Amino acid sequence: MRFDDLLDDWLETDDRELLDHFGELITEIVGARLAPDAEPGFDDMAKRLARIREQGWLDFAVEKDTTDTVYFEALKRLHRRTTPLAVPLLEVWSALRVLSRLGGSDLLERTLAGECVTVLAIDDLLRPGDGSGTGWIPFGDGATVLLAVAAGDGVDLLQVEPGSAAVPVSHPDPTLPAFTLSPASTTTVGHLDRAGWEGARAEVLVAQAAALAGQAQALNTDTVAYITNRVQFGVPVGSFQALQHRAADIATEVYAAQQVSIHAAEALGAHTAPLALGLLAKAFVAKAAMKTASEAIQLHGGMGFTWEGGTHFGLKRSAYLAMSGLSIAECEEGLGRWAIDAPELLWAGGLDDRGKRETMEDGTA
Amino acid sequence: MRLQLTPAQRAFQQDLRAFYEREVQPGWRTRYKTFEELGAYLLDWEKVLYRGNWSVPTWPAEFDGRGADAIERAIFTEETARFDAPEGLNRLGKRLVAPVLMRHGTDAQRSHLARIRSGEEVWCQGFSEPNAGSDLVNIRTAAVRDGSDWVINGRKIWTSFAQFADWVMLLVRTGAADSRAEGISIILVSLDTPGIEISPIQTIAGRSEFNEVSFDDVRVPLENLVGAENGGWPIVRSVLQDERGAEFCLARYTDIRRIFEDVTSYAKTDADRSYPGRIGADYARIYTIQLLASDLLDRGQRDATPEGLESMLKLYTTETWRSLGDDQVHYWAHDLFERGGKEGLEDYYESRHYTISAGTSEIQRNLIAGRLLQLPSSRRSAP
Ligand SMILES: Cc1cc2nc3c(=O)[nH]c(=O)nc-3n(C[C@H](O)[C@H](O)[C@H](O)COP(=O)(O)OP(=O)(O)OC[C@H]3O[C@@H](n4cnc5c(N)ncnc54)[C@H](O)[C@@H]3O)c2cc1C
């Protein structure tokens, strides 16, 4: 069994086929690799998103029969590629899922109908400000933006119309141009109470972890193939033990990151401390993904430092996902504070009744 | 793996909890002054486990085990960690020797199983030699046929628990001196046979966990050979893989969890020196050991374990412990060295143990690169 098969073979056949199909569709939509001076525009992006919507993959995020496992796995597939997708689907899906927590809204319906493109301002959900969109908001010039502001012990969700004083900001991922906003006016869409806000934050962290796990896997596969084929000193460089050990270390991190992201997806719905789980998932996976990306560049030699070689796309997408919302250090610190305050630590077994609500096979608690 | 307990798994869990609640003596770790006293207590604990029918939960029912499935094995670890219950002293007998006898032993050899289960017979593993560590196929301890006996001469090293053990599973050369893997056999040797000398070696922690064991014309009946003559290496390879597998790593995970829980209790009392970011980072890494072990157990049941995956689990688990040890020095030194007792320091030394024993981290990386990633081989990175 090849290492890559190992990372997929746990899925049910139906789910795997569905996700394979999704992966192929996205590959078809990604299009040509971006040139250094190209600036992806909102209109092209919206066209790609329209194709995704036509194939039923916008509703997918909020459909009743989409399980968490498949939802997060789709995010992994989306990012399991060396040329990242120039569509902020993670932010769009997340906006839909946050909106669906409100029990239906006009904005949700309009987005699903393709009348507008709604993206979630991830930084503001995780660290609510005063109503100006502060973080990196991908395609924030043309999109409708869903913003969170602190209200009581939860957040109010605000809708910002396209182009509300959007200012381009530098951003690691060239395929997702980002903006900050200083909107003159906003419309309130609804309110998330403390539990709803916690759930929404946890879900976004687990989504980022899934995306990072996919990105790391793609970089690992690409790197193993590269060092297998690149010849120096008359032998493939991948036969040097120094490189083999580094490859073994990153493959181990990629495998572990994959397990963490699967576990977080499965456990999130019934978890007693979802935010801690989200922090754990992102802290772990983002660190593994950044290590993988950094090593991937190094093991590609000079080719790793070129635009044309393309490894940098994975590095930049990883950096964007790792930095947006909460940094790795913030996740670690938040998790550590939680662990210090918790009366007892939770562990992954799921066998331990402190960790997870258990049900018997017959459904009784 | 979705973990929903069946009624049988639930009963397994409840039985085990009741047993541990009744039998585990809090404070057992710090009660004994010498390693010998601790060893004696752990030998007794083997008998307690046996009386409760908990000595070999993972053995199949045909050998009077409980035939624990993947989830029950995970339950076993979870509860062992929660109660901080001892592992006992016969883990090599139960987890290393027994599977070999089950798969390859004669009926007479299998009669050891009942005594291993009851704690009457403790076993040790005589593989490594002064010149055969990572390069295990270089062993020189030789067994030569003489009438109805093997005559054994040579020297084993790092033999854990030999001073408490009754028997040793010995790796010997039965082929020509240069026969490497093709000339290795497995022989069962009773440690009270004349000609055997056991000399303790002090560990980093100043205790004598392992030993040098020398063999001087030691005579052992021919029928103590396990499997075919010169056919020992394939058996050993599978044993080595088990030694890196989920059971062993889950046992280490219980140690690591206990140490980390001590670190967090300390952090509650000293906010200025708690370093929550580091606590979070270590927590995530330790938490993940169980995910990897569960995946391996689950794959074992589905017959979907690629060669080399055990090495990932072993590397991940043991390096996680080693870096937790390093972090105790870097961040929570006050707890470890000023406030903590001897036990904390011993745990710290112990954090260096498992990245060396049962195949070093470097050997695991070689195996991952070769078997899982299928990178091109190089003579320099054998095996
Ligand atoms: C606490 C403890 C308990 C033990 N208990 C037992 C026991 O009960 N029974 C038993 O038989 N053995 C036991 N051992 C022995 C153990 O299996 C060996 O120590 C281990 O296999 C390493 O062999 P070595 O000590 O000879 O180190 P060496 O093989 O000499 O290694 C020295 C260094 O070289 C590196 N190295 C070696 N070969 C390679 C290579 N091909 N590529 C890259 N790096 C390499 C190693 O990783 C290590 O860093 C125990 C060891 C310890 C520490």
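Here are some questions and answers about chain B and R173(B) in a predicted model.

User: Happy to start with conventions: which pLDDT do local features need?

Analyst: Residues are numbered from 1 along each chain as its sequence is written, chains are lettered from A and ligands numbered from 1 in the order written, and side-chain values use heavy atoms, leaving out hydrogens and water. Totals for chains, interfaces and linings use all residues, side-chain atom pairs count only at pLDDT 80 or more, and local features need pLDDT of at least 70.

User: What is the radius of gyration of chain B?

Analyst: Chain B has 14 helices and 8 strands (DSSP runs: H or I of at least four residues, E of at least two). For its 383 residues the globule rule (2.2 Å times the number of residues to the power 0.38) gives 21 Å. Chain B is close to that, so it is as compact as a globular protein of that length, with a radius of gyration, taken over C-alpha atoms, of 21 Å.

User: Which side chain of opposite charge is nearest to R173(B)?

Analyst: R173(B) sits in strand β4, residues 167–173. It is buried (under 20% relative accessible area, 1.4 Å probe, protein chains only). It has no salt bridge (a Lys or Arg side-chain nitrogen within 4 Å of an Asp or Glu carboxyl oxygen). The nearest side chain of opposite charge (Lys and Arg positive, Asp and Glu negative; His and chain ends not counted) is 7.3 Å away and belongs to D178(B).

User: Nice, and which backbone oxygen does the side chain of R173(B) reach at 2.9 Å?

Analyst: A polar atom of the R173(B) side chain lies 2.9 Å from the backbone oxygen of I139(B). The side chain also reaches, at 2.9 Å, the backbone oxygen of R180(B).

Technical notes. Buried means under 20% relative accessible area, exposed over 50%, partly exposed in between (1.4 Å probe, protein chains only). A polar contact is a pair of N or O atoms within 3.5 Å; within protein, one must be able to donate a hydrogen and the other to accept it, and residues adjacent in sequence count only if both atoms are side-chain atoms.
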